[in-house]
Amino acid sequence: MTFDVSAVRAAYPALSDGYAYLDGAAGTQVPHAVIDAIADVYRVGIGNVGGAFPASHRADGIVTEGRRAVADLIGGDPGGVILGPNMTTLTYRLAHTLAAAWQPGDEVVLSRLDHDANVRPWVQAAERAGATVRWADVDIATGELPAEQYAALVSDRTRLVAVTAASNVLGTRPDVAAITATAHAVEALTYVDGVHATAHGPVDVRALGADFYATSAYKWSGPHVGAVTPTLRCSTRSARTSSLPPPTPFPSGSRPARHRSPTSPEWSPPSSTSPVWTAPRPATGAPGSWPRRPRQRPTSKRSSRSCSTGWTHCPR
Ligand SMILES: Cc1ncc(COP(=O)(O)O)c(C=O)c1O
């Protein structure tokens with residue numbers, strides 16, 4: 001199949017100014033199809049999601065289609081896709097949520113190859129929890145992030161490993177599957193920043209071993225919308241002891257409470273298929289924080305455990 005450069009250029013009205021836009025990190029230009037889709041939304045009535053009137057149903061449809069599109073792009077489950085203003089904001093929210101279960105002495109492993117968006121949320125969350133940050137280093141001669149170093153970085157105290165799937169500065173692509181396998185061997189969660197990588201080749205979040213995969217549509221010709229997709233294994237220690245409360249399925253036919261967004265503490269990942277769980281408000285502690293649960297030690301091999309985390313998505 002030949003790549004028709006002129007047809008592709010013609011799809012992007014901004015390129016008619018004669019400039020070549022090489023600053024991919026600043027985001028891509030946007031094709032007619034996306035501009036029209038956004039404009040069309042404003043030509044019809046639109047409302048908040050979750051209402052019982054046509055404008056709200058249209059909003060529901062847009063969100064559902066958005067989730068399907070992201071899942072299709074990365075090989076994830078549409079019901080698990082979390083949409084938000086950008087990747088950084090969503091990563092802060094996830095860090096806040098997951099770190100609520102971290103204890104002093106726990107560890108998170110970050111990399112010096114990563115964008116600040118996959119570093120600072122975890123550093124700040126670790127500080128609040130009294131957890132230690134351990135760093136994977138870049139090989140300055142090659143620009144690579146050697147995966148072998150992770151064996152020495154993870155331990156029984158590791159709760160999370162965050163790593164980029166591709167550097168937005170160097171373009172280097174760490175061996176994410178090897179890194180996540182090392183993390184999973186100690187039952188740590190993995191958070192993979194695919195913001196730069198997603199535009200540059202096919203993505204299979206499960207092959208990557210990403211418990212969470214983050215991307216941002218403005219890097220691949222969309223508007224600036226962030227998406228994080230959990231593909232959580234149901235039996236990791238971190239998931240079992242996470243701050244997320246046990247599932248509370250909605251009664252059949254009911255809807256999630258309205259006006260919940262990924263930036264509100266009681267938000268839970270919506271699902272296009274039942275069951276959907278919602279998180280009750282914290283009973284104690286500071287607003288927006290979940291009561292800490294006592295740390296559990298792994299007692300058996302995770303493959304033999306049953307799914308008891310409350311996560312809706314336990315594909316492995
Ligand atoms: C690799 C990488 N990760 C994360 C981000 C942050 O994405 P967002 O602007 O959606 O927060 C960027 C933005 O440039 C990036 O290049």
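Helices and strands are taken here as DSSP runs, helices of at least four residues and strands of at least two, numbered from the N terminus. In the predicted model described here, Glu-187 accordingly falls in the loop that runs between α7 (176–185) and β5 (189–193). Over the protein as a whole, the secondary structure amounts to nine helices and seven strands, and 35% of the 316 residues are buried. When contacts between residues at least 6 apart in sequence are considered, 68% of them join residues that are at least 24 apart.

The largest nonpolar core contains 56 residues, and those with the most contacts inside this core are Trp-122, Leu-160, Val-161 and Val-192. Helix α4 supplies the largest share of this core, namely six residues. In soluble globular proteins, nonpolar side chains tend to be buried together.

Two packed helices are described by the angle between their axes and by the distance between those axes. For helix α4 (residues 87–99) and helix α5 (residues 120–129), the axes come within 9 Å and cross at roughly 25°. Angles under 35 degrees count as roughly parallel, and α4 and α5 are therefore roughly parallel to each other. The crossing of these two helices, α4 and α5, is right-handed. On the α4 side the contact is made by Thr-91, Tyr-92, Ala-95, His-96 and Ala-99, while on the α5 side it is made by Pro-121, Trp-122, Ala-125, Ala-126, Arg-128 and Ala-129. Sorted by character, the residues of this contact between α4 and α5 comprise eight that are nonpolar, two that are polar and one that is charged. Trp-122, one of the α5 residues in the contact, is also among the residues with the most contacts inside the largest nonpolar core.

Backbone geometry was examined next. Most residues other than glycine have a negative phi. Glu-187, however, has a phi near 65°, a positive value in a residue other than glycine. A residue is classed as buried if 20 or more other C-beta atoms lie within 10 Å of its own, and Glu-187, with 21 other C-beta atoms within 10 Å, is therefore buried. A positive phi, near 75°, is likewise found at Ser-221, which is not a glycine. Ser-221 is located in the loop between β6 (212–216) and β7 (226–230), and, having 16 other C-beta atoms within 10 Å, Ser-221 is partly exposed.

Several loop residues approach parts of the chain that are distant in sequence. Ser-155, in the loop between α6 and β4 (158–164), is separated from Glu-187 by 9.4 Å between C-alpha atoms, although the two residues are 32 residues apart along the chain. With neighbours within four places in sequence left aside, Ser-155 is in contact with Glu-107 and Val-186. The surroundings of Ser-155 include 13 other C-beta atoms within 10 Å, and this residue is therefore partly exposed. Gln-149 occupies the loop between β3 (132–136) and α6 (150–153), and its C-alpha atom is 9.9 Å from that of Thr-182, a residue 33 residues away along the chain. Beyond its neighbours within four places in sequence, Gln-149 is in contact with Ala-136 and Asp-137. A count of 17 C-beta neighbours inside 10 Å places Gln-149 in the partly exposed class.

Towards the start of the numbering, Ala-10 belongs to helix α1 (residues 5–11) and, with 13 other C-beta atoms within 10 Å, is partly exposed. The C-alpha atom of Ala-10 is 9.0 Å from that of His-32, and the two residues are 22 residues apart along the chain. Pro-13 lies in the loop that joins α1 to α2 (32–43). Residues with 12 or fewer such neighbours are classed as exposed, and Pro-13, with 12 C-beta neighbours inside 10 Å, therefore counts as exposed. Between Pro-13 and Gln-29, which are 16 residues apart in sequence, the C-alpha to C-alpha distance is 8.5 Å.

Note on methods:
Residues numbered from 1 in each chain as written. Predicted model: local features only at pLDDT ≥ 70, side-chain atom pairs only at ≥ 80, totals over all residues. Axes fitted to C-alpha atoms, helices over the stretch in contact; angles between N-to-C directions. Parallel < 35°, antiparallel > 145°, perpendicular 65-115°, else oblique. Left-handed = near helix turned anticlockwise from the far one by under 90°. Contact = placed C-beta atoms within 7 Å. Nonpolar A, V, L, I, M, F, W, Y, C, P; charged D, E, K, R; others polar. Core = buried A, V, L, I, M, F, W, Y, C linked by C-beta atoms within 7 Å.
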